Amino acid sequence: MILASRLNLLALIGRSLLAVLGATGRLAVFTLEAISHCLRPPFFPRLLLNQMIEIGYYSLPVVGLTGIFAGMVLALQSYTGFSRFAAESAIPNVVALSITRELGPVLAGLMVAGRVGAAMAAEIGTMRVTEQIDALRTLSTNPFKYLIAPRLLAALITMPILVLVADIIGIMGGYIVSVHKLDFNAAAYLKNTWDFLEPMDVISGLVKAAVFGFLIALMGCYHGFNSKGGAQGVGAATTNAVVSGAILVLVFNYIITEAFFSR
Amino acid sequence: MSETNASVGNKPPKISCRGVTKSFGAKSVLAGVDFDVQAGESMVIIGGSGTGKSVTIKCVLGLIRHDAGSIKIDGQEVSRMSARAREAIDRKFGMLFQGGALFDSLPVWENVAFGLLHARNVPRRKARDLAMEKLAMVGLGPEVGKLSPSELSGGMQKRVALARAIATEPEIIFFDEPTTGLDPIMADVINNLIVEITRKLGATALSITHDMASVRKIADKVSMLYDGKIIWSGPIAEIDRCGNPYVEQFIHGRAAGPIQMQVRRL
């Protein structure tokens with residue numbers, strides 16, 4: 001009896017392990033195929049442009065709003081902490097550094113994962129369950145080229161631009177609160193920010209952004225492309241795309257930070 | 001269907017399947033499907049839901065990889081082909097999907113012109129004219145071209161899907177349940193269009209359906225799929241006196257008979 005239940009437990013562990021390995025393998029094959037189609041012609045410049053507008057332009061309000069409030073709250077909170085050590089002058093530095101290195105890319109990444117990852121999974125998933133992806137193949141068009149490559153490339157290109165905008169707006173948020181609420185000198189605040197910020201702070205954030213963009217689009221496309229069944233399948237694909245996209249953003253945020261940190 | 005029949009004349013059959021098998025997990029769907037479709041012929045595969053008709057057509061189209069057996073198009077084995085050779089074969093195909101499968105992000109004319117624009121690199125203006133021509137062939141005016149597929153009724157969507165399937169003037173056209181979900185009048189209109197267009201293009205047709213009215217209209221030859229195998233094959237004229245109890249139960253739509261309905265989908 002005990003032996004049987006232990007064997008059941010082993011079988012359960014084995015099955016889960018196989019499922020995880022299988023999923024990893026499928027994702028790896030999907031990723032390699034997608035990348036290879038990104039690099040080989042024919043390209044679809046019109047679709048790439050459409051996706052860049054969809055991902056980049058239409059995400060600007062969301063990313064801008066997150067940026068400005070993150071910057072504002074950062075200035076307030078660091079003031080609370082730093083005033084205890086009479087170190088208020090470090091606020092511009094803290095705001096600039098946190099926004100460009102961390103909050104800009106991570107918050108923009110999470111917002112885009114919700115907005116774009118979900119949209120991609122839902123659109124491609126619906127195309128899968130209504131046989132539109134099969135229809136593409138019968139019309140001699142590779143779905144990887146037509147659907148997936150433009151989305152991956154567009155996300156890879158536009159995310160750094162979005163994050164650059166988020167950086168600027170975020171620092172502006174800090175500036176607004178510091179100058180208008182905490183009585184900082186406006187010119188001194190800007191000079192402080194500018195002198196302190198190093199190119200590497202911004203660059204590391206932009207590298208993160210590009211990686212996050214790729215991962216978010218990859219999750220959206222992968223889950224959409226492999227969705228099964230009907231409305232429920234598409235719903236599950238959308239949820240999985242957002243959750244896995246957001247988690248990958250946080251995981252890779254650490255990995256990339258460490259890679260830049262050790263230099 | 002005998003081997004000798006397959007090599008009538010000098011030309012190999014347009015489509016030839018031998019011993020095609022396909023399983024999903026432990027469930028065997030196709031257990032050795034054999035059939036030939038000669039050039040210019042219209043063959044219809046009949047069978048109840050869940051007998052593997054769609055899987056058969058998808059294996060021939062290359063949308064699903066079959067496990068074993070041989071599928072030849074124009075005498076060329078497709079399963080061991082390079083990607084480039086496979087693309088050349090794919091260009092011979094046109095497919096009408098059961099649900100239409102129109103791209104809802106594109107207007108009707110771009111749906112019809114899709115194959116011309118993306119696979120044949122026809123300039124947009126010319127592709128648009130050709131699309132309008134094909135829409136006219138299925139009885140739709142140029143004003144439909146600008147609409148979105150979601151604005152069309154089921155019957156109209158089917159017509160647009162038909163126009164898309166024939167836009168590149170394919171040699172082989174596949175029809176997956178062309179009349180499902182249509183009223184009897186619209187079903188007859190679609191059947192007539194299928195007959196007329198395949199004749200006009202001189203195309204070979206492979207259809208699957210369970211609508212007997214459609215079968216009688218569009219088929220030259222009929223094969224019945226049951227339990228993963230072709231259990232009867234012959235000209236449409238012979239179907240009423242084939243003497244096969246499975247076929248008879250199916251064409252007369254009787255609940256009682258040797259066929260037990262499949263509950264689980266494949």
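In the predicted model, strand E3 (residues 42-46) of chain B pairs with strand E9 (residues 221-226) of chain B in the parallel sense, over four bridges. Within this pair, B:Ile46 stands opposite B:Met224 in E9(B). Both strands belong to an open sheet of six strands in chain B, in the order E6-E7-E8-E3-E9-E10. The pairing in this sheet is mixed. E6 and strand E10 (229-235) of chain B are found at the edges, and each has a single partner strand, so one side of each is left without a neighbour in the sheet. From one strand to the next, the twist averages 15°.

Strand E7 (residues 172-176) of chain B is mostly covered, as five of its five residues are buried. The covering applies to both faces of E7(B). On one side lie B:Ile172, B:Phe174 and B:Asp176, and on the other lie B:Ile173 and B:Phe175, all of them buried.

In the order of the sheet, E7 stands between E6 and E8 of chain B. Strand E6 (residues 93-96) of chain B runs parallel to E7(B), and four bridges join the two. B:Gly94 is placed opposite B:Ile173 in E7(B), a residue that is also among those buried. Pairing between E7(B) and strand E8 (residues 204-209) of chain B is likewise parallel and extends over five bridges. Here B:Asp176 stands opposite B:Ile208 in E8(B). The chain passes from E7(B) to E8(B) through helix H7 (residues 184-201) of chain B, and this β-α-β crossover is right-handed. A further helix, H6 (residues 154-166) of chain B, lies across E6 and E7 of chain B. Helix H6(B) runs at about 175° to E6(B).

Chain B also touches chain A. In this interface, 15 residues of chain B are in contact with 10 residues of chain A. Helix H3 (83-90), E6 and helix H4 (108-118) of chain B each supply at least two residues of the side of chain B that touches chain A. The most is given by H4(B), with three residues. By class, this side of chain B has nine nonpolar, three polar and three charged residues. Strand E6(B) thus appears in two settings: E6(B) stands at an edge of the sheet, and E6(B) supplies at least two residues of the side that touches chain A.

Conventions
Residues are numbered from 1 along each chain as its sequence is written. Chains are lettered from A and ligands numbered from 1 in the order in which they are written. This is a predicted model: local features need pLDDT of at least 70, side-chain atom pairs count only at pLDDT 80 or more; totals for chains, interfaces and linings use all residues. A residue is buried if 20 or more other C-beta atoms lie within 10 Å of its own, exposed if 12 or fewer, and partly exposed in between; C-beta atoms are placed from the backbone. Two strands pair if DSSP finds at least two bridges between them. A crossover is right-handed if, with the strands pointing away from the viewer, the path from the first strand over the helix to the second runs clockwise. Two residues are in contact if their C-beta atoms, placed from the backbone, lie within 7 Å. Ala, Val, Leu, Ile, Met, Phe, Trp, Tyr, Cys and Pro count as nonpolar, Asp, Glu, Lys and Arg as charged, and the others, Gly among them, as polar. Axes are lines fitted to C-alpha atoms, for helices over the stretch in contact, and angles run from 0 to 180 degrees between N-to-C directions.
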